[in-house]
Amino acid sequence: CWANIHRTGDHIKLHQHNRMYRGVLSGTIALTDSATETIYMLPSEMKDKATSQKTNVLKFPTRRGNFIMTPGWVTHMTTP
């Protein structure tokens, strides 16, 4: 288990957890609101409900209390 504290302009580069860290699950919890996003790249496309377009990218805004859990193999990153 680990934690990241982000200061203004910090971000996490694109990565996944199952290769280097052997992570089965990956999770994010936001302790404060921020003008950033966590972005997930899925291996297959799905239909975006808002736009009806197919995509393999999911974006979640950073909002206090948000908790997101994914399999460790899901590639993800954050915006600055």
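This briefing covers the fold, surface and selected residues of one protein chain. The model is predicted. The protein chain has 0 helices and 5 strands. Its elements run β-β-β-β-β from the N terminus. One nonpolar patch of about 700 Å² sits on the surface, and 1 aromatic pair is present.

**Overall build**

- Along the principal axes, the C-alpha atoms of the protein chain fill a box of roughly 35 × 30 × 20 Å.
- The protein chain has 80 residues, and 24% of them are buried.
- The exposed area of the protein chain is about 6400 Å². Carbon and sulfur atoms supply 56% of that area.
- Take the contacts in the protein chain with a separation of 6 or more: 71% of them join residues 24 or more positions apart.

**Nonpolar surface patch**

- Six residues are named in the patch: Val 24, Leu 25, Ile 29, Leu 31, Phe 67 and Met 69.
- Two strands, β1 (25-29) and β4 (67-71), each supply at least two residues of the patch.
- Phe 67 belongs to strand β4. Its relative accessible area is 52%. Phe 67 therefore counts as exposed, since the cut-off is over 50%.

**Aromatic pair**

- Tyr 40 and Phe 60 form the aromatic pair of the structure, and its geometry is edge-to-face. The ring centres are 5.9 Å apart, with 75° between the planes.
- The planes meet at 75°, which is edge-to-face because the angle is over 60 degrees.
- The pair links distant parts of the chain. Tyr 40 lies in strand β2 and Phe 60 in strand β3, 20 residues apart.
- Tyr 40 is buried, at 4% relative accessibility. Phe 60 is partly exposed, at 32% relative accessible area.

**Strand β4 and the loop before it**

- Thr 70 is in strand β4. Thr 70 is buried, because its relative accessible area of 12% is under the 20% cut-off.
- Beyond its neighbours within four places in sequence, Thr 70 contacts Val 24, Leu 25, Ser 26 and Tyr 40. Among these, Val 24 and Leu 25 also help make the nonpolar patch, and Tyr 40 is a member of the aromatic pair.
- Thr 70 and Gly 27 are 43 residues apart along the chain, with their C-alpha atoms separated by 6.3 Å.
- Asn 66 sits in the loop between β3 and β4. Asn 66 is partly exposed, with a relative accessible area of 30%.
- Asn 66 touches Thr 28, Ile 29, Ala 30 and Pro 61, leaving out residues up to four places away in sequence. One of these, Ile 29, is a patch residue.
- The C-alpha atoms of Asn 66 and Leu 31 are separated by 8.1 Å. Along the chain, Asn 66 and Leu 31 are 35 residues apart.

**Strand β5: Thr 75**

- Strand β5 spans residues 75-78 and includes Thr 75.
- The side chain of Thr 75 makes a polar contact with the side chain of Gln 16, at 3.1 Å.
- Setting aside neighbours within four places in sequence, Thr 75 contacts Leu 14, His 15, Gln 16, Ile 39, Tyr 40 and Met 41.
- Thr 75 and Leu 31 are 44 residues apart along the chain, and 22 Å separates their C-alpha atoms.

**Strand β3 and the loop before it**

- Thr 55 lies in strand β3, which covers residues 54-61.
- The side chain of Thr 55 reaches the backbone nitrogen of Val 57 at 3.0 Å.
- Not counting residues up to four places away in sequence, Thr 55 touches Ser 44, Glu 45, Met 46 and Asp 48.
- Ser 52 is in the loop between β2 (37-47) and β3. Ser 52 has a relative accessibility of 46%, so this residue counts as partly exposed.
- The phi of Ser 52 is near 65°, a positive value in a residue other than glycine. Most residues other than glycine have a negative phi.

Technical notes:
Residues numbered from 1 in each chain as written. Predicted model: local features only at pLDDT ≥ 70, side-chain atom pairs only at ≥ 80, totals over all residues. Heavy atoms only, no water. Patch = residues over 30% accessible without salt bridge, like charges linked within 9 Å, V, L, I, M, F, W, Y side chains within 5 Å. Areas by Shrake-Rupley, 256 points an atom, 1.4 Å probe, with all protein chains shown as cover. Salt bridge = Lys/Arg side-chain N within 4 Å of Asp/Glu carboxyl O. Helix = DSSP H or I, 4+ residues; strand = E, 2+ residues; numbered from the N terminus. Buried < 20%, exposed > 50% of the residue type's maximum accessible area, 1.4 Å probe, protein only. Polar contact = N/O pair within 3.5 Å; in protein donor to acceptor, adjacent residues only side chain to side chain. Contact = heavy atoms within 4.5 Å. Phe/Tyr/Trp six-rings, centres within 6.5 Å; stacked < 30°, edge-to-face > 60°.
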